[in-house]
Amino acid sequence: MDNKDLQSLTEEISIKDFHKPFVHQAFFNKRLKTTGGRYDLQTHNIEINEKHFQMYGISEVEGIIKHELCHYHLHIEGKGYKHRDQDFRELLKEVKAPRFCRSVKAKSSVQLVHEYRCSACQQTYMRRRRMNTDKYVCGKCRGKLIKIDS
Ligand SMILES: [Zn+2]
Ligand SMILES: [Zn+2]
């Protein structure tokens with residue numbers, strides 16, 4: 001998927017879901033760090049984070065485009081285009097767009113692990129789920145485990 005594909009996909013979604021044309025530019029921006037997309041108030045262009053496409057695929061990008069198109073159309077029509085605006089929230093719901101431009105970081109934090117350390121022998125343990133430190137002790141020395149907050 002290149003900028004040309006992204007442009008035509010954005011135009012398609014705009015017609016299909018918003019029944020209005022998208023007449024500006026949509027392109028991948030490699031410099032976007034964590035946000036999935038960005039709508040530029042000055043140029044009216046939509047920028048999409050290429051990492052999101054590489055990591056999560058086309059359906060994720062479609063969601064981001066919808067979200068940015070909500071900003072786009074409302075802004076151009078002089079309506080409430082900001083996240084907290086009523087117009088924006090209603091349009092998001094109407095076109096079933098994600099509430100936020102999901103960040104790369106936010107997604108990876110879902111896989112965050114809980115880390116524990118034995119207070120006696122310093123052995124560390126990584127667990128996907130939270131552990132009850134009253135119930136579980138160190139497997140090596142049976143010492144008390146302490147949760148390490150990163
Ligand atoms: Zn947004
Ligand atoms: Zn221990």
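Is cysteine 141 buried, partly exposed or exposed? In this predicted model, cysteine 141 is partly exposed, its relative accessible area being 37%. Cysteine 118, by contrast, is buried, with a relative accessible area of 0%. Both residues belong to a metal site, and the report begins there.

## The zinc ion (ligand 2)

Four sulfur atoms, namely the SG atoms of Cys118, Cys121, Cys138 and Cys141, coordinate the zinc ion (ligand 2) at 2.3 to 2.4 Å. The angles among these four donor atoms run from 100 to 116°, and the site is tetrahedral. Along the chain the donors of this ion follow the spacing C-x2-C-x16-C-x2-C. Cysteine 118 lies in strand S4 (residues 114–118), whereas cysteine 141 lies in the loop between strand S5 (124–127) and strand S6 (145–148), so the pair ties together parts that are 23 residues apart in sequence.

## The zinc ion (ligand 1)

The zinc ion (ligand 1) has as its protein donors the NE2 atoms of His67, His71 and His83, which lie 2.1 Å from the ion. Their spacing along the chain is H-x3-H-x11-H. Histidine 67 in helix H3 and histidine 83 in the loop between H3 and H4 are 16 residues apart, and this pair links distant parts of the chain.

How buried or exposed is histidine 67? Its relative accessible area is 0%, and histidine 67 is therefore counted as buried, while histidine 83, at 28% relative accessibility, counts as partly exposed. The side chain of histidine 67 also reaches the backbone oxygen of proline 98, at 2.8 Å. The side chain of histidine 83, for its part, makes a polar contact of 3.2 Å with the side chain of histidine 71. The C-alpha atoms of histidine 83 and histidine 71 are separated by 8.4 Å, although these residues stand twelve places apart along the chain.

The accessibility values for residues of the two metal sites, together with that of asparagine 29, are set out below.

| Residue | Relative accessibility | Class |
|---|---|---|
| Cysteine 118 | 0% | buried |
| Cysteine 141 | 37% | partly exposed |
| Histidine 67 | 0% | buried |
| Histidine 83 | 28% | partly exposed |
| Asparagine 29 | 8% | buried |

## Helices H1 and H4

Helix H1 takes in residues 3–18, and at 1.5 Å a residue its 16 residues should span 22 Å, which agrees with the 21 Å found between its end C-alpha atoms. Its buried residues are Leu6, Gln7, Leu9, Thr10, Ile13, Ser14 and Phe18. Seen down the axis of H1, these buried residues fall within an arc of 165°, so they line one face of the helix. The general reason for such a pattern is that an α-helix has 3.6 residues a turn, so residues three or four places apart point the same way. On the other side of H1, Lys4, Glu12 and Lys16 are exposed. The elements that cover the buried residues of H1 include S1, strand S3 (46–49), helix H3 (58–76) and helix H4 (86–95).

At the N-terminal end of H1, aspartate 2 acts as a cap, with a side-chain oxygen 3.1 Å from the backbone nitrogen of lysine 4. After H1 comes histidine 19, whose phi is positive, near 55°.

In H4 the buried residues are Phe88, Leu91, Leu92 and Val95. These residues cover an arc of only 105° around the axis, which puts them on the same side of H4, and they pack against H1 and H3. Gln86, Lys93 and Glu94 are exposed on the other side of H4. Just after H4, lysine 96 takes a positive phi of about 55°.

## Asparagine 29

Which strand holds asparagine 29? Asparagine 29 lies in strand S1 (residues 26–29), and S1 is among the elements that cover the buried residues of H1. Because its relative accessibility is 8%, asparagine 29 counts as buried. A polar atom of the side chain of asparagine 29 lies 2.7 Å from the backbone nitrogen of arginine 31. When neighbours within four places in sequence are left aside, asparagine 29 is in contact with Glu47, Ile48, Asn49 and Glu50.

Methods:
Residues are numbered from 1 along each chain as its sequence is written. Chains are lettered from A and ligands numbered from 1 in the order in which they are written. This is a predicted model: local features need pLDDT of at least 70, side-chain atom pairs count only at pLDDT 80 or more; totals for chains, interfaces and linings use all residues. Side-chain values use heavy atoms; hydrogens and water are left out. Helices (H or I, at least four residues) and strands (E, at least two) are DSSP runs, numbered from the N terminus. Buried means under 20% relative accessible area, exposed over 50%, partly exposed in between (1.4 Å probe, protein chains only). A polar contact is a pair of N or O atoms within 3.5 Å; within protein, one must be able to donate a hydrogen and the other to accept it, and residues adjacent in sequence count only if both atoms are side-chain atoms. Contact means heavy atoms within 4.5 Å. Donors are N, O and S atoms within 2.8 Å of the metal (3.2 Å for Na, K and Ca); water is not among the atoms, so sites may look incomplete. Four donors count as tetrahedral if all angles lie between 85 and 135 degrees; four count as square planar and six as octahedral if opposite donors are over 155 degrees apart and all others between 65 and 115; anything else is irregular. The expected span of a helix is 1.5 Å times one less than its number of residues. The arc is that of the directions from the helix axis to the C-beta atoms.
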